[in-house]
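Trainee: Could we take a close look at a single part of this structure? I would love to see how one helix sits among its surroundings.

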Amino acid sequence: MPKSKRDKKISLTRTTKKGPTLKKQLVEEIQKCIESYARAFVFSVQNMRNNKLKDVREEWKQSRFFFGKNKVMAIALGTTKEKEVQPNIHKLANTLHGQCGLLFTNKDKEEVLSWFENFSEQDFARSGCKVKRTITLPAGPMEQFVHSMEPQLRQLGLPTALKKGVVTLTKEYTVCKEGDILNPEQARILKYLGEQMADFKMTVRAFWSNDGSFVKVAPDLDASDVPLPSDDDDLEDEN
């Protein structure tokens with residue numbers, strides 16, 4: 001009987017770890033941008049949405065965005081005055097905490113700050129988000145839903161029934177209250193209702209210019225007391 005191909009043994013020693021390589025590539029790309037662009041901005045992100053970020057990248061296609069491990073991006077800039085790749089840029093590295101990114105651009109700082117200050121895109125809130133406003137549904141027909149959705153709505157906790165083929169709320173129902181933290185069922189209901197409670201927003205924390213100037217724009221609310229890593233340590237594979 002022929003030997004099955006599925007019985008073929010593969011030596012795991014032949015696999016290569018891409019972690020250090022990808023980290024070093026990120027460091028190299030960031031350091032190229034430091035030489036190529038006049039300014040670098042660190043910004044925090046609220047309610048990250050990849051589809052909306054894609055639109056932002058398209059709008060800023062003459063500039064360069066980076067999202068990676070904060071420690072690796074900090075290493076690329078230089079974590080101390082002795083290790084910084086340009087004067088004072090280590091100060092920018094120390095603002096890389098929490099969910100944030102780097103923007104390299106040649107646009108004027110006033111134009112960049114104005115754009116970020118005015119940019120905000122609404123989206124559906126996810127589980128874990130804080131409720132902005134109370135949503136209460138009155139009893140009665142819910143004609144926006146087709147009859148086949150009634151079991152799904154009932155499973156999510158809505159007191160629904162089919163009456164003459166129409167999804168009907170049998171009694172008044174409060175989906176969520178202002179200040180509450182959304183659970184998965186509430187988030188799904190709000191999405192079905194078309195209620196958007198999340199704001200995708202990017203806020204500038206600080207920026208550096210190639211003349212050596214550094215400006216802190218917003219408080220670093222996510223900063224921790226944990227020291228930044230040494231350059232060599234964080235470029236190794238994590239166990």
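Mentor: Let's look at helix α2 and then at a salt bridge beside it. This is a predicted model, in which local features need pLDDT of at least 70 and side-chain atom pairs count only at pLDDT 80 or more, while totals for chains, interfaces and linings use all residues. Residues are numbered from 1 along each chain as its sequence is written, and side-chain values use heavy atoms, leaving out hydrogens and water.

Helix α2 covers residues 50-59, and K52, L53 and V56 are buried in it. Seen down the axis of α2, these buried residues fall within an arc of 100 degrees, so they line one face of the helix. Here, buried means under 20% relative accessible area, exposed over 50%, and partly exposed in between (1.4 Å probe, protein chains only). The arc is that of the directions from the helix axis to the C-beta atoms. Helices (H or I, at least four residues) and strands (E, at least two) are DSSP runs, numbered from the N terminus.

What do the buried residues of α2 pack against? Their partners are β2 (64-66), α5 (109-118), β4 (121-123) and β10 (198-209), where contact means heavy atoms within 4.5 Å. On the face turned away from the buried side, α2 carries the exposed residues N50, K54 and D55.

Now for the salt bridge, a side-chain nitrogen of Lys or Arg within 4 Å of a carboxyl oxygen of Asp or Glu. D123 forms one with R49, the closest N and O atoms being 3.4 Å apart. This pair links distant parts of the chain, 74 residues apart: D123 lies in strand β4, and R49 in the loop between β1 (39-46) and α2. D123 counts as buried at 13% relative accessibility, and R49 counts as buried at 5%.
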